[in-house]
Amino acid sequence: MSPSGTGAPAAPVARNAVAIKNFAFTPATLKVKVGTTVTWTNQDGDSHTVTSAGAGGPLHSAAMATHDTYSYTFTKPGTYAYLCTIHPFMTATVEVT
């Protein structure tokens, strides 16, 4: 089914969302505008965090259990690298313009 007259798919596109699944952040690079709130959702059976890489970054989630979410509103342009502190091989980036 699609909304009448638009031809667009009915399923909403979560452009400001990051899935945590199979020990990876998807998408690995998310591009958003200043003022955008990004929401991460843990879809894994293990706990994960969303934590800025390096000191002083803005992302500091607690350990997120399955289906937990964490949201952050980006108020300044820049490239924000982050990782899961429990599984530090899990890395990704939000690019804010």
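The legends below describe close-up views of a predicted model. Residues are numbered from 1 along each chain as its sequence is written, and side-chain values use heavy atoms, without hydrogens and water. Local features need pLDDT of at least 70 and side-chain atom pairs count only at pLDDT 80 or more, while totals for chains, interfaces and linings use all residues.

**View 1. The largest nonpolar core has 19 residues.** Such a core is a set of buried Ala, Val, Leu, Ile, Met, Phe, Trp, Tyr and Cys residues joined through side-chain atoms within 4.5 Å. Phe25, Trp40, Val50, Phe74, Tyr82 and Val94 touch the most other members. Strands (DSSP runs of E, at least two residues, numbered from the N terminus) that give two or more residues are β1 (17-21), β3 (29-32), β4 (37-42), β7 (78-83) and β8 (91-96). β8 gives the most, with 3 residues.

**View 2. Phe74 and Tyr72 form an edge-to-face pair.** Rings pair if their centres lie within 6.5 Å; planes over 60 degrees apart count as edge-to-face. Here the centres are 4.9 Å apart and the planes are at 75°. Phe74 is buried (under 20% relative accessible area, 1.4 Å probe, protein chains only), at 0%. Tyr72 is partly exposed (between the buried limit and 50%), at 22%. Ring pairs link both residues into a cluster with Phe25, Trp40, Tyr70, Tyr80 and Tyr82.

**View 3. An open sheet of 4 strands runs in the order β3-β8-β7-β5.** Strands pair if DSSP finds at least two bridges between them, and the pairing here is mixed. β3 and β5 (51-52) stand at the edges with a single partner strand each, so one side of each lacks a neighbour in the sheet. β3 and β8 pair in the parallel sense over 4 bridges. Val32 has Val96 in β8 as its bridge partner.

Key. Rings of Phe, Tyr and Trp (its six-membered ring) pair if their centres lie within 6.5 Å; planes under 30 degrees apart count as stacked, over 60 as edge-to-face and the rest as tilted.
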